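Q: I am new to this structure and would love a close look at one part of it. Could you take me through it step by step?

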Amino acid sequence: MPGTPALTEATYYILLSLYSPRHGYGIMQQTEELSSGRVRLAAGTLYGALNTLCDKGWIVLKTMDEDSRRKEYLLTDKGRQVLINEVKRLKELARNGEMILGEEF
Amino acid sequence: MERKTMSRWFWVWQFEKEEEWLNEMAASGWVLESVGFCRYTFVRCNPGEYTVRTEMHPYDDNYVRFMEETGAEYIGRMMMWIYFRKKTEDGVFDLYSDIDSKISHLDRIGKVLTGIGGANLIIGVVNSLNPGARLGWINLLCATLLMYGLGRIHGKKEALEKERELHE
């Protein structure tokens with residue numbers, strides 16, 4: 001965990017969305033829902049990120065959805081570990097922020 | 001359906017301006033229907049019914065299919081440039097939502113300009129050294145223009161990189 005580079009918001013939400021199998025549009029919807037509309041993934045950004053994440057082995061192309069013939073992706077064990085480390089890192093950030101700014105909340 | 005075709009020239013570093021113009025057309029009730037070399041064909045739509053986006057993207061069927069799955073409509077492509085539109089009522093339509101992917105788009109444009117510019121430079125120099133060939137200056141002119149374009153693209157990229165120092 002020490003020295004693990006931070007994930008971008010897009011990467012973080014894509015990985016999180018793929019805890020269950022989803023296709024591209026499903027990832028966009030899930031991300032928007034999880035972040036209450038704050039984070040919107042544009043399709044071009046998502047397409048590039050999905051290819052990179054597949055190459056890294058953090059997600060895997062699951063199957064074609066039989067009905068819609070859309071590609072579905074799923075988080076791998078490696079991706080899950082990356083996500084767990086990132087949540088630990090984010091907790092540390094939030095903890096330190098609250099500790100110093102505590103009285104302002 | 002009422003249609004009209006317009007001719008417009010945009011330099012490669014003006015792709016945002018081109019997109020802006022296409023969206024002004026859509027806002028005034030003319031949405032892009034097809035593209036040709038410097039030619040744009042529009043068809044009547046309700047004012048503001050569509051958002052139009054363009055980007056440089058190598059030929060990739062999977063990408064077009066992916067975009068269509070997210071509700072975008074493929075309009076066509078002109079050389080390396082690809083055009084999409086989406087109904088405004090289906091939500092905000094952008095191709096890139098973070099600085100990293102905007103930078104990779106600019107990198108893609110830069111690579112193409114470097115490739116074509118470099119080829120023109122070599123051909124231009126070879127032709128200029130060859131007394132039999134008289135048209136080397138055309139290649140050198142093209143190379144200069146492409147290198148200028150590369151500089152403009154690089155400037156956009158630097159601005160984004162500066163922004164990225166503070167946030168993503």
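How much area is buried between domain 1 of chain B and domain 2 of chain B, and what share of that area do carbon and sulfur atoms give?

A: Happy to help! First, a word on the ground rules: this is a predicted model, in which local features need pLDDT of at least 70 and side-chain atom pairs count only at pLDDT 80 or more, while totals for chains, interfaces and linings use all residues. Residues are numbered from 1 along each chain as its sequence is written, chains are lettered from A and ligands numbered from 1 in the order in which they are written, and side-chain values use heavy atoms, with hydrogens and water left out.

Now to your question. Between domain 1 of chain B and domain 2 of chain B, about 980 Å² is buried, and carbon and sulfur atoms give 77% of it. Buried area here is the accessible area (1.4 Å probe) that two parts lose on being put together, summed over both. On the domain 1 side of chain B, Trp13(B), Phe15(B) and Met56(B) lose the most area to domain 2, together 59% of what that side buries.

Where do these domains run? Chain B is divided into domain 1 (3-90) and domain 2 (99-164), with bounds that come from an automatic or database domain assignment. Their C-alpha centres lie 25 Å apart. Eleven residues from domain 1 of chain B and twelve residues from domain 2 of chain B take part in the contact, where contact means heavy atoms within 4.5 Å.

Chain B also meets chain A. Here 16 residues of chain B are in contact with 18 residues of chain A. The area buried between the two chains is about 1,500 Å², of which 56% comes from carbon and sulfur atoms. In chain B, the residues that lose the most area to chain A are Phe66(B), Glu69(B) and Glu168(B), together 38% of what that side buries.

Let us end with a look inside chain A. Tyr13(A), Ile14(A), Leu16(A) and Ser17(A) in α1(A) meet Ile27(A), Gln30(A), Thr31(A) and Leu34(A) in α2(A); such helices are DSSP runs (H or I, at least four residues; strands are E, at least two), numbered from the N terminus. By class, this contact of α1(A) with α2(A) has five nonpolar, three polar and no charged residues. In this count, Ala, Val, Leu, Ile, Met, Phe, Trp, Tyr, Cys and Pro are nonpolar, Asp, Glu, Lys and Arg are charged, and the others, Gly among them, are polar.
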